[in-house]
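Visitor: Could you take me through a few helices of this protein, and explain the terms as we go?

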Amino acid sequence: MTWIDKALDGCSPQVVINDSKTPSGRAHVGSLRGVLIHDALARVARERGLDTTFMYGCDDMDAVDEIPHGTGKQFVEHLGKPLWAAPAPEGLRGASMAEAYFGEFTGKWFDTARMPSDSAGSPAAAAGPFETLGVEVEFYRMSDVYRSGRLDDVIDTFLRAAADVRQIYLRLSGAERSDDWLPFQPICERCGRIGTTYASDYDGETVAYECRADLVTWAEGCGHRGRINPFGGNGKLPWKLEWAAKWKLFGVSIEGAGKDHMAASGSHEVSSALARQVLRCPVPVPVPYEFFTLGGAKMSSSRGIGMTSSDLVEMLPPELLRYLVLRTQPRRSINFDLDVPSLTKAFVEYERLWRSAAGSEPRPNDSQLYSMTRASLGPDVPAAPEFGPPFDSVLSLAQQPHMQLADHVASLGVDLSAAESEWLSRKEATARRLMASSPDLAGVVKMLDASEASQQRSALDERQRNFLDHCLQRLKNLPEWDSKAIQDEIFESARDVGIDPRSDAALVFGALYQVLFGSETGPRAGSYLAFLGREETLQRLS
């Protein structure tokens, strides 16, 4: 039984899965893990015939609590305002800060009518990251939910139970609130800030509030005092209460969150107590998950640290990206290096999964995992590609100006099916994106020209040059040009000149890599030369 099956066991015929994003900055790659985990749950629920809804919210009522990366000090005046009230950062399309960052991450644009004229309509014309990844959701934004009045009853309940809320905060998280504190954040009628207001004295229709200069360290209130109706979008609930309010309003069945929220005495425990004891509603099945990082980098949306999710979606085939995230149990962290060896390995593993799922006897759980990786679902598993040159080989050939990948494959006598041709083109597209974004990294497998190769050969020791001569002769006479046969001949060529290819592998393969790439390392030689082809290989070694 997989983690998905365990989460869905016992669910009623109607399943509501919820997730949301605070659009306070450009979403880094870690933001994709929660999205794909929830989407996988929704897919399996639908396959079981359950009436399933996957909701994804824009938490645009949250306050701007940090200057977004790249916006400059002119953004200071917007600190403390709701995200929907702050302008879109320069260079991003959108009617607000929330709209800009949420739209870039999801491809969903709520306010297209209010967008600048030079970008209006553009978001609808191109597929967004969620659509590219095959994520099917119903979007909502919290500003609409509050303004519609759908949360008015919940707000009233929490305000009347303020003493109970304060007690739950103290008991579970140790957070002490003053006796007059109310669980509500009004929007200041004078300065428009929501992060600097302190509410008290609920009379059933209005709350008293003060916009305090020193309530938080990241924004300064204007000092205004007044009373305001807490309903219809005039403010919001603190987010732990808002989390519980969503569960009740939407009837959420399952909702995951990062491990920091799920820790003992953490946000989820507090929200769960608020749901059970104050709102009298069930708590969704929790699915805690660990972080997803690239190269071990700790990422931050608002600080612009780490690769953005939209950049990664553009870089990799959606099936491969979904595989990289969903192959790992949610409770285990994911750290993926976006380099040539890691990408080569990922493509190999994904193609192995594909072949297993398409076979007559798939390995346990392979069918479900493969189904979760597909960007577009269909009734049948498509035939897996039999011809699958390694990614590093495709990357190397893509860097040769005199070679076109399609023509080269044709020259090898390979008759590609439509599916194989499509998959190979995706590999090539990934290679070209890597070349554009990280030319130094991609250049690790860029072949040398004849003059450069000759210089590298001259720098080798005599045994290595003798090995290359023997290798050339053996490969000239090789009857079957395939990766295993080539690898065997490389080993035999080394033994011909007294080199043990096992204990002195660096000496053997280093000679090949030096004359091919000017590097001490490179792709698996047999697979690479098989894809390079007999004629091109012999010419290189000559």
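The conversation that follows looks at three places in the model.

Guide: This is a predicted model, in which local features need pLDDT of at least 70 and side-chain atom pairs count only at pLDDT 80 or more, while totals for chains, interfaces and linings use all residues. Residues are numbered from 1 along each chain as its sequence is written, and side-chain values use heavy atoms, with hydrogens and water left out.

Visitor: How many residues of helix H3 are buried?

Guide: Helices (H or I, at least four residues) are DSSP runs numbered from the N terminus, and buried means under 20% relative accessible area, with a 1.4 Å probe and protein chains only. Among what covers the buried residues of H3 are strand S1 (14-21) and helix H2 (31-47), where strands are DSSP runs of E with at least two residues. Helix H3, residues 97-106, is mostly covered, and the number of buried residues is ten of ten.

Visitor: What span should helix H21 have?

Guide: The expected span is 1.5 Å times one less than the number of residues. Helix H21 has 15 residues, 462-476, and its end C-alpha atoms are 21 Å apart, which agrees with the expected 21 Å.

Visitor: Within what arc do the buried residues of H21 fall?

Guide: The buried residues of H21 include Phe467, Leu468 and Leu475. The arc is taken from the directions from the helix axis to the C-beta atoms. The buried residues line one face of H21, because they fall within an arc of 140 degrees.

Conventions. Buried means under 20% relative accessible area, exposed over 50%, partly exposed in between (1.4 Å probe, protein chains only). Contact means heavy atoms within 4.5 Å.
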